[in-house]
Amino acid sequence: SSIEAESGHKLNLVFNRAKDSNCGSKVIFPKLNITKTLPVGKDVIVSFTPTKAETVTFSCGMGMYKGSVVVSENKKGRAGKMKKTVFIGLIFMVAL
């Protein structure tokens with residue numbers, strides 16, 4: 001799945017691993033050099049502020065479950081004034 005975001009706005013991604021019987025024990029953002037362990041039943045927040053238009057990929061530790069953050073340029077000059085929080089389940093589906 002993919003998540004849309006604007007550059008200059010803080011993004012909080014909340015991961016919650018529902019079951020222990022799969023490979024979702026970690027989430028990895030290679031481009032951001034972020035790796036987080038996902039304990040079962042606990043919310044884990046990955047926060048970052050994109051600075052440019054790009055696609056930031058993420059996956060589970062084995063690369064089986066994948067997602068991306070598609071960042072567009074902030075054309076309204078609102079840098080730093082908005083914050084977006086997205087809740088993501090084990091298979092990285094966006095639940096708004």
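**Exercises around V56**

Leaving aside neighbours within four places in sequence, V56 is in contact with F29, L32, G67, S68 and V69, where contact means heavy atoms within 4.5 Å. The model is predicted, so that local features need pLDDT of at least 70 and side-chain atom pairs count only at pLDDT 80 or more, while totals for chains, interfaces and linings use all residues. Residues are numbered from 1 along each chain as its sequence is written, and side-chain values use heavy atoms, with hydrogens and water left out.

**Exercise 1.** Place V56 in its strand and determine whether V56 is buried or exposed.

*Solution.* Begin with the strand: V56 belongs to strand 6, residues 54–60, strands being DSSP runs of E with at least two residues, numbered from the N terminus. Next take the relative accessible area, which is 1% for V56; V56 is therefore buried, as the term covers values under 20% (exposed is over 50%, partly exposed in between, with a 1.4 Å probe and protein chains only). Finally, compare sequence with space: V56 and F29 stand 27 residues apart in sequence and 7.3 Å apart from C-alpha to C-alpha.

**Exercise 2.** Describe how strand 3 pairs with strand 4.

*Solution.* Strand 3 (residues 26–29) runs antiparallel to strand 4 (residues 34–37), with 4 bridges; pairing requires that DSSP finds at least two bridges between two strands. Within this pairing, K26 has T37 of strand 4 as its bridge partner. The hairpin has 4 residues between the strands, and N33 adopts a positive phi near 55° there.
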